[in-house]
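Here is a set of short exercises to work through with the model open beside you. Try each task before reading its solution.

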2 protein chains.
Amino acid sequence: MITLEQCRARDQADELASLRQQFDLPEGTLYLDGNSLGAMPKDALARAQDVIRREWGVDLINSWNKNNWWVLPTRLGDLLAPLVGADAGEAIVTDTTSLNLFKVVANAVDIQRRGHPERKIILAERDAFPTDLYMLQGLAGILDQGYTLQLVDGPDDLGAAVTERTAVVVLSHVNYRTGYLYDMKTVDALVHAQGALAVWDLCHSIGAVPIDLKDADADFAVGCTYKYLNGGPGAPAMLWAHPRHRADFRQPLSGWWGHARPFDMATDYVPDPGIRSFLCGTQPIVSMSLVACGVGIFLQTDMEKVRRKSLALTDLFIQLVAQECAGQDLTLVTPLDHKYRGSHVSFRHPQGYAAVQALIARGVIGDYREPEIMRFGITPLYLRFADIWDAVQHLKAVLEGREWDRAEYRERGLVT
Amino acid sequence: MITLEQCRARDQADELASLRQQFDLPEGTLYLDGNSLGAMPKDALARAQDVIRREWGVDLINSWNKNNWWVLPTRLGDLLAPLVGADAGEAIVTDTTSLNLFKVVANAVDIQRRGHPERKIILAERDAFPTDLYMLQGLAGILDQGYTLQLVDGPDDLGAAVTERTAVVVLSHVNYRTGYLYDMKTVDALVHAQGALAVWDLCHSIGAVPIDLKDADADFAVGCTYKYLNGGPGAPAMLWAHPRHRADFRQPLSGWWGHARPFDMATDYVPDPGIRSFLCGTQPIVSMSLVACGVGIFLQTDMEKVRRKSLALTDLFIQLVAQECAGQDLTLVTPLDHKYRGSHVSFRHPQGYAAVQALIARGVIGDYREPEIMRFGITPLYLRFADIWDAVQHLKAVLEGREWDRAEYRERGLVT
């Protein structure tokens with residue numbers, strides 16, 4: 001039997017415990033949705049004030065040089081590069097994950113078109129984060145030269161699906177629903193063996209699990225800064241491209257900031273020779289500046305320590321649910337095998353939607369994803385072992401007390 | 001002879017004078033670059049604090065509903081709609097001008113392709129804001145079905161250039177260098193007479209001149225919120241589409257926020273039936289929220305009053321330069337005719353680049369644009385008639401004292 005006292009003892013021994021003090025967390029809330037929107041680093045407020053009052057208010061247009069707005073996308077890319085196994089100059093922060101995916105897949109398709117025009121298939125998972133599929137549909141639609149989007153049902157089908165007609169394989173490193181974690185290195189080898197290129201969506205893995213894009217030999221990657229990285233709501237996204245493709249960097253969202261010499265105000269677009277060629281238009285400087293606050297906390301530790309605590313917390317969550325909610329109709333959909341587990345834990349329950357609402361009413365913030373999935377994000381920088389105990393006690397109370405079965409939830413159609 | 005006393009008297013009588021108090025303006029600076037980055041509304045700081053501390057820090061993921069993040073793009077679009085002659089539900093604020101131009105031109109091309117596949121030409125001005133041309137080159141490149149970008153030299157050549165092969169005409173309402181203002185209604189009639197569609201870039205006109213997109217019968221428009229609208233550095237951009245095209249709204253940057261039912265997490269993209277179909281990925285909420293502060297000041301007056309003061313200030317600038325700098329090698333490139341004048345004034349000078357640096361050293365912030373153009377943005381909400389007097393006195397001193405001819409500027413290659 002796991003006890004609350006044991007959980008508290010583990011908090012006492014936690015080498016990451018002090019990092020929690022760097023976050024502003026709301027009173028009376030157990031926040032298990034940091035995989036959707038990360039918590040607020042305390043220094044974000046002061047940083048925003050400085051950007052608004054001094055950089056915008058006083059230095060105004062001079063800030064482009066004086067306050068380094070001009071290099072902010074690459075500076076932030078360099079700052080988070082250690083979290084993804086990248087070197088300086090290989091990553092940027094800009095635009096959104098959706099747009100960055102469009103850019104890198106367009107680039108990958110363009111590379112293949114020149115060498116292997118017969119490769120017309122963009123391969124993705126049916127269970128990918130939907131916006132990735134939507135962007136790939138938009139791209140395939142505008143390419144309109146026989147390019148098609150092929151969907152596979154899951155990791156087991158991937159091996160047979162990648163063929164000599166595959167141009168690009170686009171995968172979520174961690175599945176947004178199940179928490180399944182791909183073995184990136186193995187998959188990249190499989191993709192490359194068939195002559196295809198590998199594009200990774202790191203939205204649910206960056207800041208959650210160790211990533212080594214170079215060691216895994218990935219081709220391109222995009223990811224989110226406002227989930228595990230705590231960059232602030234809708235903060236601009238990251239983009240990484242392997243330097244071996246540098247001579248072929250080229251993407252269709254070719255705005256001024258990606259130009260080699262933007263202040264020449266020339267008529268013709270000439271891409272920057274490096275990672276800056278993936279920049280497009282002017283970036284939201286206030287939101288963007290806050291990305292440094294969240295990433296800065298990670299840089300005080302390392303991803304191996306974060307991973308150890310993440311696995312300890314998700315193990316604890318899974319074990320406690322087994323111990324405390326044994327008679328309930330819960331099905332774990334997150335892999336038990338550490339090798340394939342990200343940093344969130346998901347359970348199916350027939351009344352999952354309403355149960356999540358009942359948990360939220362108790363101050364336990366998780367979220368719901370179709371179908372029937374209750375999802376709990378585990379963020380080692382600011383969650384304690386005792387928080388997991390408390391969350392599971394609330395879950396137990398909700399399920400045992402059938403708190404999901406309220407008139408209000410029935411009226412809203414949440415109870416099935 | 002115009003005198004400083006006359007300028008001060010005009011400030012006394014200025015019906016917009018009180019609005020200046022709503023901006024935080026740096027001490028000792030004459031800011032004539034609000035056409036590049038607008039000044040900071042005083043309430044932006046408090047708004048950012050509230051978004052960061054309460055909406056992000058406390059309400060966290062609940063803010064999507066509780067604090068209306070979900071409808072922020074359309075709310076801001078509705079807020080600024082009166083500034084462009086649009087109705088509610090017709091405009092959004094999202095992404096960047098560059099990306100929004102890509103979306104609307106892709107939509108316009110798609111509309112033409114279905115009805116008139118022989119129309120393969122995207123027409124723009126050689127002197128357009130460069131990022132517009134870069135995005136059109138990117139779009140034409142990826143369309144890759146015989147679509148070409150045709151450039152015209154200027155307004156006089158437009159009539160002959162628009163033909164039965166033209167799909168879309170993309171124009172800057174106000175030219176970023178010269179300040180030339182198109183007669184939108186006349187141009188739209190000309191474009192439509194040839195069966196083409198009209199897309200307007202309002203970056204240098206929104207908040208600067210009255211705009212009536214519906215009355216002018218435009219098809220699509222994009223524009224900037226961080227220039228005359230004072231939305232903050234890199235604040236997301238606006239996008240407007242004429243509701244007559246509503247059934248044909250469709251654009252390739254099809255991210256989750258443009259989906260008709262994004263929380264179904266469906267595999268297939270189904271666009272929202274309205275203006276939201278031009279949304280794509282998650283937006284930078286902090287930067288985006290500040291757009292309301294800048295637009296809010298405009299809503300305390302109206303664009304006719306702003307225009308009257310703008311023309312009075314640009315007239316004064318032009319007259320004072322004629323009076324005070326008569327012997328200098330300055331050439332006005334901004335139209336004298338009010339009908340064709342935006343809200344910035346540009347002069348050519350052989351040492352324009354270095355002269356702008358010398359003005360900045362004196363605290364007069366204008367900017368330089370190739371070739372040889374000294375550009376001064378006139379923002380009626382926070383500039384005074386006496387400021388124009390002072391700015392011209394500084395210009396006179398710089399030119400008469402040959403302050404542009406400094407060793408420092410020579411070393412930097414600014415002196416020709």
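A contact, in what follows, means heavy atoms within 4.5 Å.

This is a predicted model, in which local features need pLDDT of at least 70, side-chain atom pairs count only at pLDDT 80 or more, and totals for chains, interfaces and linings use all residues. Residues are numbered from 1 along each chain as its sequence is written, chains are lettered from A and ligands numbered from 1 in the order in which they are written, and side-chain values use heavy atoms, with hydrogens and water left out.

**Exercise 1. The annotated lysine**

Find which residues A:Lys227 touches, and decide whether A:Lys227 is buried or exposed.

Step 1. Begin with the record: UniProt, in an unreviewed entry, gives A:Lys227 the annotation "modified residue: N6-(pyridoxal phosphate)lysine". UniProt positions are in the numbering used here, feature names are shortened, and annotations may be inferred rather than shown by experiment.

Step 2. Place the residue: A:Lys227 sits in the loop between β9 (220-223) and β10 of chain A. Helices (H or I, at least four residues) and strands (E, at least two) are DSSP runs, numbered from the N terminus.

Step 3. List the contacts. Leaving aside residues up to four places away in sequence, A:Lys227 touches A:Gly34, A:Asn35, A:Ser36, A:Leu37, A:Gly38, A:Cys203 and A:His204.

Step 4. Check the accessibility: A:Lys227 has a relative accessible area of 6%, so it is buried (buried means under 20% relative accessible area, exposed over 50%, partly exposed in between, with a 1.4 Å probe and protein chains only).

**Exercise 2. The binding-site set**

Work out why the "binding site" residues do not all gather at one spot.

Step 1. Collect the set. The unreviewed UniProt entry places the feature "binding site" at A:Thr97, A:Ser98, A:Phe129, A:Pro130, A:Thr131, A:Asp132, A:Asp201, A:His204, A:Tyr226, A:Trp256 and A:Thr282.

Step 2. Look at the spread: these residues span 186 residues in sequence, and their farthest two C-alpha atoms are 30.2 Å apart, so they do not all gather at one spot.

Step 3. Look closer at A:Ser98, which belongs to helix α5 (residues 97-115) of chain A. A:Ser98 is buried at 2% relative accessible area. Its contacts, not counting residues up to four places away in sequence, are A:Thr131, A:Met135, B:Gly255, B:Trp256, B:Cys280 and B:Gly281.

Step 4. Turn to A:His204, in the loop between β8 (197-201) and α9 (213-216) of chain A. With a relative accessible area of 3%, A:His204 is buried. Among the residues that A:His204 touches are A:Asn35, A:Phe129, A:Tyr176, A:Lys227 and A:Arg375.

**Exercise 3. Relating the two chains**

Determine what turn and shift lay chain A on chain B.

Step 1. Superpose the copies by least squares on the C-alpha atoms of residues with pLDDT of at least 70 in both. A turn of 180° and a shift of 0.0 Å along the axis give an RMSD of 0.0 Å.

Step 2. Interpret the result: the two copies are therefore related as by a two-fold rotation axis.

Step 3. Find the C-alpha of chain A nearest the axis: it belongs to A:Ser287, 2.7 Å from the axis.

Step 4. Compare the surfaces. Both copies use the same surface, with 100% of the contact residues of chain A recurring in chain B.

**Exercise 4. Backbone details**

Locate the cis peptide bonds that end at A:Pro371 and B:Pro371, then inspect the phi values of A:Met265 and B:Asn68.

Step 1. In chain A, the bond from A:Glu370 to A:Pro371 is cis, with omega near -5°. A:Pro371 lies in the loop between β14 (367-369) and β15 (373-377).

Step 2. In chain B, the bond from B:Glu370 to B:Pro371 is cis, with omega near -10°. B:Pro371 lies in the loop between β14 (367-369) and β15 (373-377) of chain B.

Step 3. A:Met265 is not a glycine, yet has a positive phi of about 50°. A:Met265 belongs to the loop between β10 (237-241) and α10 (285-289) of chain A, and is buried at 16% relative accessibility.

Step 4. B:Asn68, also a residue other than glycine, has a positive phi near 60°. B:Asn68 is in the loop between α3 (63-66) and α4 (72-80) of chain B, and is partly exposed at 28% relative accessible area.
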